[in-house]
Amino acid sequence: MTDFAIELAGISKRFGAVQANRDVSMHIAKGSIHGIIGENGAGKSTLMSILYGYYQADSGSIRVNGREVRIRNSQEAIRLGIGMVHQHFMLVDTFTVLENIVLGAEGGLLLKQGMEQARAHLLQLNRDYSLEVDPDALVGELGVGLQQRVEILKALYRGADVLILDEPTAVLTPQEADHLFCILRALREQGKTVILITHKLREVMDITDAVSVMRAGTVVGNVRTADVDKEKLADLMVGRKVSLKVDKAERTPGAAVLEVRGLSLTDARGVKLLDGLDFQVRAGEIVGIAGVSGNGQSELLEVLAGMVEPTSGEIRYHGKDLLQEKSSQPRAALYRQKGIAHVPEDRSREGLVKSFPMFENAILGYHNDKTISRRGLFSRQALLARTRDFIRQFDIRPDNAQLRVGLLSGGNQQKVVLAREIHANPDLLLIGQPTRGVDIGAIEFIHRRLVELRDAGKAILLVSVELEEILALSDRILVMAGGQISGEVAAREADTVSLGLLMGGHKQ
Amino acid sequence: MEQWLSLLDSTIRVATPLVLAALAGMFSERSGVVDIGLEGKMLVAAFASGAAAFVTHSPWLGLLAGVMAAVSMAMVHAFVSVTYNGNQLISGMAINTIASGITPVLGLAWFQQGGNTPQLDDDSRFHDITLPFADALSNVPVLGQLYSKLLSGHSILVYLTILIIPLVSWVVYRSRFGLRLRAVGENPHAADTAGVSVARVRYIALFWGGVLCGMAGTFLSVYQTGSFIKEMTAGKGFLALAALIFGKWRPLPAVLGCLLFAFADALQIRLEGVDLPIVGQIPSQAIQVIPYVLTVLLLAGFVGRAVAPKSIGVPFVKSR
């Protein structure tokens, strides 16, 4: 008979009108790696938050090691031997690794003694699981991969037997992810139980022993990993056949619309965020920029959109260097006027004003357009008419132009931004993370729209951390690492392995 | 020499309430709660201690009353900004407004002296303490003089403050509470998931801030002037806050900032009515402005970028 570390039975949880979890049951065997897979919003994180004591389930029961428990807060979860590695790390950047680890478990009023014991314990854990973390390093100066290991150490230091990891590979390169999986396997060998929340099929197939598939708040399958394949899991996850393949015909690109030469950006501390970039984007092609987030992609978009001034280099647009242009307007407005549209990576911070209604958001940045404003006054009729057009063309729901944009779903918000930027009929579209936080249906729609634009002869620069998206959409792929372009691959010849190496900074 | 000694001597006097208030502010702000109410808490403490010392004839009961008054104000601040996630600036401003309103009203109602408290007699005040051998050593050059003129002859509150400075520094950097305090101000979510109660740490921080403000206010009324005078804090709370920022929210540099401001203040008193070569007599208004100009200059130019605790001013709402 198998022993279960965690048994969940009939867990339900409702937030207002949203049923986040409905009658969820699963058994997680001791000493196994158990995957929980599902799309964004399937209720995985809510379920784990209930297990970790952030929320109370409305109904249902939790058993830990066969004993029924109530987990009212995270301290109780910790006491039961449950540890959590959050997607957004819960670390104090100004503290050392050691300080972060002892926080909340200092072992006495004074730090000295507890810190010494913690150091010894930490070095032991470091050796047991080959974590290679320096206890005296400042956490803020560590890379994400190491910060994640600090989180794992934190949980282990508190005596966790069950470790929950929430989307742990979202911020890692494929190589770092592999290292993480080695650590997880080592944990399993030592008898720990690992719960891995993810939406990536590859990870589930690679490392888990059993999988629970969630969709729309319910468990649609508890299976042994050995008994299924990727396709079966994908079908379960989405509930219908989906293809992330985008139909697109070969097309010969035209003249260069954007040409970047020696583009560099150095921040106030002297760190090179962009380091001598050279590339072109031609009419009628989609150039994808792949890379682990934080390797200069965001800065590149900001520079090209005129939000940030580069330290050196040229940005040639239709052959003329934009940086030499003199204008009384802000750069971003000037670029926009010249036909460079920008769908920013962080739409809620840079693309929209969430408290404004849809029709006001629909003209942000284009408010001087003569057809909607005269002598500084808007024509409300024209605004609403344009917004209704957007709603029709992009199938934005709900179809109410006066609704606050913050109330729309992520996918519909993104459609508002995209509609606005495309309306201006740009020659060059800069688009960052087009489908972050966007549901599958909207993803297909947005991808189709981008390909249509390309076929209409527009130049598109696409930045995304989702490799599958880059692979599906791009004609050419540039990989960025450490502010440089570490390689260029034609989309036909690219695969995740070769891209992964480039993302890790291995030059071609 | 003599002149310098007396200049430094008054620097210490002026600095003491500033140092106490700055350390008070450090506790609250390091925990992530903006504390512009230092001024108000000091003022309330000055009034309460002056009144209590007058009625009971005991400076110590005065101190107790002052501390209690400031702590209760701090708890109001905590209740609004920690328990109810209110706006910390507004709550702090309210404390200042209430303090400058309620003190003269109560003063007038109780003592009928235009809102001030009656002058304390000698027994009800803190006195200057002459340290052992101070008289005997006063003729020894330099060291003896420093000891007898500079170190000796201050109130017990000054000596307490001198002990409190290293104590606070030690608490912040070497104790469990200090670690939690810094964590809560920097990333309360990290502290929360590590099992630390953010609200509890913030309450405790504001409590000790209240205690220190209480001492600062008591110093003003029960030691320095011997009575409460309307608005007697005169911006000292804000000056302390400036010193705290100058010291980048670290205890010892903040104390240094207080000493700097106090020195400018002492210099100003010294320069008043003095004929300087070439410029002649400087108008007193121009001289009085020195500490404030210094504040602006230091904060604007010389400090460099002051990096505040990252979560300062942000109410902690548990979420995920």
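Which residue with positive phi follows α9(A)? In this predicted model, that residue is A:G306, with a phi near 85°. The helix before A:G306 is a good place to begin a tour.

**A covered helix in chain A**

Helix α9 of chain A spans residues 297–304 and is mostly covered, with 7 of its 8 residues buried. Those buried residues are A:Q297, A:E299, A:L300, A:L301, A:E302, A:V303 and A:L304. One of them, A:L304, turns up again in the cores described next.

**Two nonpolar cores**

The largest nonpolar core holds 157 residues. Within this core, the residues that touch the most other members are A:I164, B:L18, B:A22, B:A243 and B:C258. Its main contributor is helix α10 of chain B (residues 198–225), which gives 14 residues.

A second core, separate from the largest, has 76 residues, and A:L265, A:V292, A:L304 and A:Y335 are among them.

B:A243 deserves a closer look. Setting aside neighbours within four places in sequence, B:A243 contacts B:L18, B:A22, B:A254, B:G257, B:C258 and B:F261.

**How α8(B) meets α10(B)**

Two packed helices are described by the angle between their axes and the distance between the axes. For α8(B) and α10(B), the axes come within 10 Å and cross at roughly 110°. Since angles of 65 to 115 degrees count as roughly perpendicular, α8(B) and α10(B) are therefore roughly perpendicular to each other. Their crossing is left-handed.

On the α8(B) side, the contact is made by B:R180, B:L181 and B:V184, while α10(B) brings B:V198, B:V201, B:R202 and B:A205. By class, the residues of this helix contact comprise 5 nonpolar and 2 charged, with no polar ones.

**Where the chains touch**

The contact between the chains takes 19 residues from chain A and 16 residues from chain B. On the chain B side, α8 (176–186) and α9 (188–193) each supply at least two residues. The largest share of that side comes from α8(B), with 5 residues. Thus α8(B) appears both in the contact with α10(B) and on the side of chain B that touches chain A.

The table sets out the residue classes for the two contacts.

| Residues considered | Nonpolar | Polar | Charged |
|---|---|---|---|
| Side of chain B that touches chain A | 6 residues | 5 residues | 5 residues |
| Contact of α8(B) with α10(B) | 5 residues | no residues | 2 residues |

Methods
Residues are numbered from 1 along each chain as its sequence is written. Chains are lettered from A and ligands numbered from 1 in the order in which they are written. This is a predicted model: local features need pLDDT of at least 70, side-chain atom pairs count only at pLDDT 80 or more; totals for chains, interfaces and linings use all residues. Two residues are in contact if their C-beta atoms, placed from the backbone, lie within 7 Å. Helices (H or I, at least four residues) and strands (E, at least two) are DSSP runs, numbered from the N terminus. Ala, Val, Leu, Ile, Met, Phe, Trp, Tyr, Cys and Pro count as nonpolar, Asp, Glu, Lys and Arg as charged, and the others, Gly among them, as polar. A nonpolar core is a set of buried Ala, Val, Leu, Ile, Met, Phe, Trp, Tyr and Cys residues joined through C-beta atoms within 7 Å. A residue is buried if 20 or more other C-beta atoms lie within 10 Å of its own, exposed if 12 or fewer, and partly exposed in between; C-beta atoms are placed from the backbone. Axes are lines fitted to C-alpha atoms, for helices over the stretch in contact, and angles run from 0 to 180 degrees between N-to-C directions. Angles under 35 degrees count as roughly parallel, over 145 as roughly antiparallel, 65 to 115 as roughly perpendicular and the rest as oblique. A crossing is left-handed if the near helix is turned anticlockwise from the far one by less than a right angle, and right-handed if clockwise.
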